[in-house]
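Got the sequence and the model open side by side? Let's take a walk through the fold together.

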Amino acid sequence: QRIGVPREIFTGEKRVASVPEAVAKLVKLGFNVSVEAGAGGLANFSDDDYTAVGATIAGSAADLWNESDIVFKVRGPTPDEVALMHEGQTLIGFIWPAQNPELMQQLADKKVTVLSIDALPRTLSRAQKMDALTSMAGVSGYRAVVESANAFGRFFNGQITAAGKVPPAKVFIAGAGVAGLAAIGAAASLGAIVRANDTRAEVADQVVSLGGEFVKVDYEEEGSGGGGYAKVMSEGFQQAQREMYAQQAREVDIIITTALIPGKPAPKLITADMVKSMKPGSVIVDMAAEQGGNCELTVPGEAVVKHGVTIVGYTDLASRMAQQSSTLYANNLFRLSEELCKTKDGVINVNMEDDAIRGLTVVKDGEITWPAPPLVVP
Ligand code: NAD
């Protein structure tokens, strides 16, 4: 079968769904691979890099979609792309079925099969190698620190130089999931003093192992909801948390917020008053900007200065490191391809008896199969 990799057409998207290193491995698994001309350009992979490992270049999107049995994408398809699909084709990418019911129906009408990488059952340890939410969150967390350093007018590390003594920057990370932990590691490695908070107390050890200090909210409440994810906390907890965050805002130079609750708007953790209380030149990077923001003053997609504080609300942090994020994503999709092609003969089998594959498969031969039944944990 032929795997096709189109050029992403969403405005500003720089990632590509496969990179030459992964294409070489797909060819070894027995697949033919087509890449649309220029597909890897914004991630620094040239057409020649792809042909060198055995891919063929398709001159247009229409050719690419037409000749491919399986299409690898980053973003969900646009209506124009859906129009190019044909019966029996398999699409793999970030579809976000809950947020895109119309797209799901259009895909079903096309009688295709769709594997939505965001629907992976992440608690299966076997699924970790395919977990693109984790790999993209890791890149984004790192990039959030880089963006904060770029907007901040001082060193992160403390220095004693002939020109004077410089104190280390203080960084506070709100939410220590995948992105938050990556941000803690990146900020600590630049030499900052790093503190972090999460409603799930079980992450405290991980915060410390990455070089951070875990700051607790002075209020007893279990923070884990279903599947180890966060839940909406009680009003009493939220009040105690606001007091602690207000104190951090006065003390630190940089705040990076990553707090999300599945299926709910992002919790508002940083109020306008907290922003006002920060030192001039401070920076906030709000990684929850797309889900409504953790900070009251965030403008999604933009960096703004309010009360002397730069508030970065970029919603494309992974795409801003397209070479790295594409490489990791391509490897996630290669590992998925291995699971789909155990026979190593270049033909996939979407085996609905396999828990990981079942979870990912949101449309099967034109039938909507999302959401998958809950996993039975033995
Ligand atoms: P996420 O992006 O949904 O949330 C980010 C973080 O924000 C979470 O740690 C959450 O606890 C925190 N948060 C939510 N509300 C908060 C609040 N009011 N104040 C402070 N912090 C708040 O989460 P994520 O990074 O995608 O992943 C976190 C969860 O997913 C964890 O349970 C993790 O173990 C699980 N996970 C499991 C696997 C796996 O099993 N293979 C892989 C990845 C993630």
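What follows is a tour of the sheets, some helices and a few odd spots in the backbone. Keep in mind that this is a predicted model.

Let's begin with the open sheet of eight strands, whose order is β3-β2-β1-β4-β5-β6-β16-β17 and whose pairing is mixed. The edges belong to β3 (56–58) and β17 (367–368); each of these has a single partner strand, so one side of each has no neighbour in the sheet. Further in, β1 (residues 2–5) and β2 (residues 32–36) run parallel and are joined by four bridges. If you want a place to look, find Val 5 in the model: its bridge partner in β2 is Val 35.

Now turn to helix α1 (residues 20–28), where Pro 20, Ala 22, Val 23 and Leu 26 are the buried residues. Why do they sit on the same side of α1? They span an arc of only 155° around the axis, and that puts them there. What do these buried residues pack against? Their partners are β1, β2, α2 (47–52) and α11 (322–340). Just past the end of α1 you come to Gly 30, with a positive phi of about 105°.

Leu 26, in helix α1, is a good residue to click on. It counts as buried because 26 other C-beta atoms lie within 10 Å, and the cut-off for that is 20 or more. Setting aside neighbours within four places in sequence, Leu 26 is in contact with Ile 3, Phe 31, Val 33, Phe 334 and Ser 337. Phe 334 comes from far along the chain: Leu 26 and Phe 334 are 308 residues apart in sequence, but their C-alpha atoms are 6.6 Å apart in space.

Next up is the other sheet, an open one made of seven strands in the order β11-β10-β9-β12-β13-β15-β14, again with mixed pairing. Here β11 (213–214) and β14 (303–306) are the edge strands, and each pairs on one side only. Strands β9 (residues 170–174) and β10 (residues 193–197) are parallel and share five bridges. To spot the pairing, start from Ala 174 and look for Asn 197, its bridge partner in β10. Helix α7 (residues 178–189) lies across β9, β10 and β12 (254–257), and it runs at about 165° to β10.

This is also a good place to think about the core. As a rule, nonpolar side chains in soluble globular proteins tend to be buried together. The largest nonpolar core in this model has 108 residues, and the members that touch the most others are Val 171, Ile 173, Ala 183, Ile 184 and Ile 256. Take Ala 183: leaving out residues up to four places away in sequence, it touches Gly 141, Ala 144, Val 145, Ile 173, Ile 256 and Thr 258.

Helix α9 (residues 235–251) is a nice one to turn around on screen. It has 17 residues and reaches 25 Å from first C-alpha to last, close to the 24 Å expected at 1.5 Å a residue. Its buried residues are Gln 241, Tyr 245 and Ala 249. Those three cover an arc of only 80° around the axis, which places them on the same side of α9. They pack against β12 and α10 (272–277). Which residues are exposed on the other side of α9? Look for Gly 236, Gln 239, Glu 243 and Arg 250. Glu 243 counts as exposed because it has 12 C-beta neighbours inside 10 Å, and the limit for that class is 12 or fewer. Between Glu 243 and Asp 218 there are 9.4 Å in space, C-alpha to C-alpha, and the two are 25 residues apart in sequence.

Last, a few backbone oddities. Most residues other than glycine have a negative phi, and most peptide bonds are trans. Lys 111 is not a glycine, yet it has a positive phi of about 60°. You'll find Lys 111 in the loop between α5 (101–109) and β6 (113–116), and with 15 C-beta neighbours inside 10 Å it counts as partly exposed. Asp 365 also has a positive phi, near 50°, and lies in the loop between β16 (361–364) and β17. With 14 C-beta neighbours inside 10 Å, Asp 365 is partly exposed. Finally, in the segment after β17 you reach Pro 371, which is joined to Trp 370 by a cis peptide bond with omega of about -5°.

Definitions and conventions:
Residues numbered from 1 in each chain as written. Predicted model: local features only at pLDDT ≥ 70, side-chain atom pairs only at ≥ 80, totals over all residues. Pairing = 2+ DSSP bridges. Helix = DSSP H or I, 4+ residues; strand = E, 2+ residues; numbered from the N terminus. Arc of directions from axis to C-beta. Contact = placed C-beta atoms within 7 Å. Axes fitted to C-alpha atoms, helices over the stretch in contact; angles between N-to-C directions. Expected span 1.5 Å × (residues − 1). Core = buried A, V, L, I, M, F, W, Y, C linked by C-beta atoms within 7 Å.
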